[in-house]
Amino acid sequence: MIETVDIKVGYSCNNDCYHCVIADKRRELLIARGTADRSTEEVMQLIEEAGRDGAKNIVLTGGEITIRRDFFEILEKALATVQTVIIQTNGRMFYYEEYAKRMATYERAHVTIAIHSIKPEVHDWITGSKGSFEQTTQGVRNLVKYGIKNRIGGKLVISKKNMDDLTNVIMLCKELGCNSLNIAFPHAMGNARLNFYDCVPKYSEVKDEILKATKKSVEIGLHIDWEAVPLCFLPGYETFASELRLSEHTRLNDLTHTDENYSISRKTRAKKKGPQCKKCRYDLICEGVWGDYVEGYDISELTPIQGEKITDLRMLESFKIHPVQIRN
Ligand code: SF4
């Protein structure tokens, strides 16, 4: 049974991020088709298909969905079709109070907003859009002001530009009123591939900041999770890996292709581990690193952890402070 359907509504965006994974596809689609966006009808059809297949959740993403004229129409259709809708956005449109006010009224809609630094000049540099930090953070404040409550989370993509700023962004998210923060290691596609050695750090370069930031999140009570960070870089905090919380069956409706079970292809094709991982106690539960990381860097830094193989997440010490849903 499909649990989640991830629909890319189009690649148009009001930011141009340094780490953007779809920038190359946007350029190609614009050249080939003259548009990088789906029509309203195409998006509605995908939502209906998700409903027919019994999906519980729809993730709506782009590009930037909130700049579409039909944004609320799409959102309402998705809410009428499934239990929960997650909007992934840079949040800049919520700088406009009427927009934020309306968004906050949809009780089963969750919003994930990208915040890449606490320094306006660094965030703006990463997004390629001057003033975006001001608009994004004010967007979060507006959504909180109009009652979005615990349905708002932050999203940070790590790069060499912000890798020392992770703890600070955790504190900023807490201060702004976010309920959570997802911190993702960059997936080197699109612009991140073009800028690989300027953009993608080595895990060993971020290791200390990852631990410092995780400890801070526990101290201040902000739920965080780490995306594409292998468990050997989360010692004592293994259950903070976002992969342990993802849907077991996600269909990905990208503009260029549909992946009927991205949950499986992510684990078996997109992610890679080293031969040394066979000896690791986390081998059965760890996804490893993005394949493009292996193309760019030596992965001898992945260090097998000794001990009894983990077969049940409840065996992990960090389960007590950061539990994970246990599935049959
Ligand atoms: S050594 Fe390999 S299996 Fe073990 S935690 Fe690291 S990446 Fe995962």
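The following questions and answers work through helix packing and buried residues in a predicted model.

Student: How are helix 7 and helix 10 oriented to each other?
Tutor: Helix 7, residues 166–176, and helix 10, residues 203–220, pack with their axes 8 Å apart and at an angle of about 20°. Angles under 35 degrees count as roughly parallel, and therefore the orientation of helix 7 and helix 10 is roughly parallel.

Student: Which residues of helix 7 meet helix 10, and how does the contact divide by class?
Tutor: On the side of helix 10, the residues are E209, K212, A213, K216, S217 and I220, and from helix 7 they are met by L166, T167, I170, M171 and K174. Taken by class, the residues of this contact between helix 7 and helix 10 are five nonpolar, two polar and four charged.

Student: What is the handedness of the crossing where helix 7 passes helix 10?
Tutor: The handedness describes how one helix is turned as it passes the other, and the angle between helix 7 and helix 10 is about 20°. For helix 7 passing helix 10, the crossing is right-handed.

Student: How does helix 5 lie relative to helix 6?
Tutor: Helix 5 covers residues 120–127 and helix 6 covers residues 132–145, and the two pack at an angle of about 105° with their axes 8 Å apart. Since angles of 65 to 115 degrees count as roughly perpendicular, helix 5 is placed, relative to helix 6, roughly perpendicular.

Student: Which residues of helix 6 take part in the contact with helix 5?
Tutor: Helix 5 contributes P120, H123, D124 and T127 to this contact, and helix 6 contributes S132, F133 and E134. The residues of the contact of helix 5 with helix 6 divide into two nonpolar, three polar and two charged. The residues asked for in helix 6 are thus S132, F133 and E134.

Student: How are helix 4 and helix 6 oriented to each other?
Tutor: Helix 4, residues 97–104, packs with helix 6 at an angle of about 50°, and their axes are 8 Å apart. The ranges for roughly parallel, under 35 degrees, and roughly perpendicular, 65 to 115 degrees, do not include this angle, and helix 4 and helix 6 are therefore oblique to each other.

Student: Which residues of helix 4 make the contact with helix 6?
Tutor: Helix 4 and helix 6 have a right-handed crossing. On helix 6 the contact is made by G139, N142 and L143, and on helix 4 by E97, A100, M103 and A104.

Student: Which residues touch the most other members of the largest nonpolar core?
Tutor: In soluble globular proteins, nonpolar side chains tend to be buried together. The largest nonpolar core here has 82 residues, and those touching the most other members are I58, L60, L143 and L234.

Student: Which residues is I58 in contact with, leaving aside its neighbours within four places in sequence?
Tutor: I58 is one of the residues that touch the most other members of the largest nonpolar core. With its neighbours within four places in sequence left aside, the contacts of I58 are V5, I7, I47, A50, A78, V82 and V85.

Student: Is H322 buried or exposed?
Tutor: H322 is in the segment after helix 12 (291–296), and, beyond its neighbours within four places in sequence, it is in contact with T239 and F240. A residue with 20 or more C-beta neighbours inside 10 Å is buried, and because H322 has 20 of them, it counts as buried.

Definitions and conventions. Residues numbered from 1 in each chain as written. Predicted model: local features only at pLDDT ≥ 70, side-chain atom pairs only at ≥ 80, totals over all residues. Axes fitted to C-alpha atoms, helices over the stretch in contact; angles between N-to-C directions. Helix = DSSP H or I, 4+ residues; strand = E, 2+ residues; numbered from the N terminus. Parallel < 35°, antiparallel > 145°, perpendicular 65-115°, else oblique. Left-handed = near helix turned anticlockwise from the far one by under 90°. Contact = placed C-beta atoms within 7 Å. Nonpolar A, V, L, I, M, F, W, Y, C, P; charged D, E, K, R; others polar. Core = buried A, V, L, I, M, F, W, Y, C linked by C-beta atoms within 7 Å. Buried ≥ 20, exposed ≤ 12 C-beta atoms within 10 Å, placed from the backbone.
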